[in-house]
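Open the model in your viewer and follow the stops below. Each one says what to select and what is there.

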Amino acid sequence: MVEISSKYPRVVVKLGTSVLTGGSLALDRAHMVELVRQIAHLHKSGCDVVLVSSGAIAAGREHLGFPTLGNNVAAKQMLAAVGQSQLIQSWEQLFNIYGLHVGQILLTRADLEDRERFLNAQDTLKTLLKHRIVPVINENDAVATAEIKVGDNDNLSALAAILADADLLLLLTDQPGLFTADPRSNPDAKLIREVETIDETLRSIAGDSVSGLGTGGMATKLQAADVARRAGIEVVIAAGHHPEVIVGASQGESVGTRFLAHPTPLEARKQWLFAGPKSSGRLTLDAGAVKAICEKGSSLLPAGIMSLDGKFARGTLVTMCDEQGAEVARGISRYGEGDLRQIIGCHSEQICERLQVHYGPVIVHRDDLVLV
Ligand SMILES: Nc1ncnc2c1ncn2[C@@H]1O[C@H](COP(=O)(O)OP(=O)(O)O)[C@@H](O)[C@H]1O
Ligand SMILES: N[C@@H](CCC(=O)OP(=O)(O)O)C(=O)O
């Protein structure tokens, strides 16, 4: 084995169903062997590797002999319950060839949106890495319902990269990277080699999955890249079948689409705030409030809120939008929806007059607020 030196001390590798099945209906074990060889090589060089592995549902279908089932949640949960154990067994056997142990972590959004549970998951992950065990992460599909799901493994892998304090997130899929349009339907589409900022134009070219195997397509990969790069993590989207892709990308070689890390990453708690909790309310702000939070770094006061939607309790995440409906920030509301309805538009001093309770003059404190 040729000695390699990874440019990144800690790498999260996400393997989509498209890579693990090679576009077929069953797991492509020959290719899994090849992927494990590369990961083991990287691991041996001293780099910590975390694996986010999709493929449980595909493995379940294969193991049960491709039963005819509806496309409903219960069927998918059953397939995931059967398939996850098959999948982890395969990873265990393959990593064992290289004398490596794996540790399985199954997560749902509910494990990540509560800060304490997030920190618990982080402790487990970091302890595995400290003992040089390869964590293998997937969504806990067997029990997760739509409400508590992350929903796709691209976003899950960005959260895993934040949990692990990773330096590189490598999203491996069935395309060589992000193209100017979906290459399946646009043969003239061009590969984008490097991305410095993720904006609406870029989002508009990232389409959904059309293979029927993956979840979310390039759209969720771009969301994941946005979350990770804001946390200071570099991201590469590349083809899982490209020769030596894991080793190459980890050494900084030009492969696929590289997203540069944000030059001023969010601090740890705000990384979690941006990516962990799901928003349960929406506040529409007037132009003055948008300017104050976006340009001056101010906290949000009740006077700047024009209207609100959704039902939310005190302490939950809300989205803040401008008058045109564009999201400008998200943050933790210090007032629940019921109380907030009675104080929007008023001055902070009036809170005491209008409410029985008083949780301070600001609605979203700047320490609990992330600009989008
Ligand atoms: N602009 C784009 N560039 C590349 N692929 C795209 C683009 N828009 C949509 N896609 C689709 O995204 C798919 C990959 O995502 P997905 O099917 O979810 O795979 P995975 O299982 O790896 O997550 C590709 O097969 C492709 O059809
Ligand atoms: N958790 C699911 C995969 C969900 C998912 O996002 O799939 P993919 O888009 O192929 O990465 C499974 O193990 O089958």
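Start with the two domain centres: the C-alpha centres of domain 1 and domain 2 lie 35 Å apart. This is a predicted model. Colour residues 10–271 as domain 1 and residues 279–371 as domain 2.

**Stop 1: ligand 2**

Select ligand 2 and the residues around it. The shell holds 15 residues, and those that come nearest are T17, S54, A56, I57 and G214. Now show the secondary structure. Helix α1 (17–21), helix α3 (56–63) and strand β4 (134–139) each give two or more residues to this shell. Colour the shell by residue class next. It divides into 10 polar, three charged and two nonpolar residues.

**Stop 2: M218**

Move to helix α9, residues 217–230, and pick M218 within it. Is M218 buried or exposed? It is buried, because 27 C-beta neighbours fall inside 10 Å, and 20 are enough to count as buried. Leave out residues up to four places away in sequence, and M218 touches L178, A206 and G207. Then draw a distance from M218 to A26. These two are 192 residues apart along the chain, and their C-alpha atoms are separated by 22 Å.

**Stop 3: strand β7**

Select residues 234–239, strand β7. Five of its six residues are buried, so the strand is largely enclosed by the rest of the structure. Add β5, residues 168–173: β5 and β7 pair in the parallel sense over six bridges. Look for L169, which stands opposite V235 in β7. Now add β8, residues 257–259. It runs antiparallel to β7, and three bridges join them. Here V235 stands opposite F259 in β8. V235 therefore makes a good anchor for the view, with L169 opposite it in β5 and F259 opposite it in β8.**Stop 4: the five-strand sheet**

Show β9 to β13. The five strands form an open sheet in the order β10-β9-β11-β12-β13, with mixed pairing. Which strands stand at the edges? They are β10 (305–309) and β13 (369–371); each has a single partner strand, so one side of each is left without a neighbour in the sheet. From one strand to the next, the twist averages 25°.

Zoom in on β9, residues 281–285. Four bridges join it to β10, and the two run antiparallel. In this pair, L285 stands opposite I305.

**Stop 5: helix α12**

Finish with residues 287–295, helix α12. This helix lies across β9, β10, β12 (327–332) and β13. Against β12, it runs at about 70°.

Terms used:
Residues are numbered from 1 along each chain as its sequence is written. Chains are lettered from A and ligands numbered from 1 in the order in which they are written. This is a predicted model: local features need pLDDT of at least 70, side-chain atom pairs count only at pLDDT 80 or more; totals for chains, interfaces and linings use all residues. Domain bounds come from an automatic or database domain assignment. A residue is near a molecule or strand if its C-beta atom, placed from the backbone, lies within 6 Å of it. Ala, Val, Leu, Ile, Met, Phe, Trp, Tyr, Cys and Pro count as nonpolar, Asp, Glu, Lys and Arg as charged, and the others, Gly among them, as polar. A residue is buried if 20 or more other C-beta atoms lie within 10 Å of its own, exposed if 12 or fewer, and partly exposed in between; C-beta atoms are placed from the backbone. Two residues are in contact if their C-beta atoms, placed from the backbone, lie within 7 Å. Two strands pair if DSSP finds at least two bridges between them. Axes are lines fitted to C-alpha atoms, for helices over the stretch in contact, and angles run from 0 to 180 degrees between N-to-C directions.
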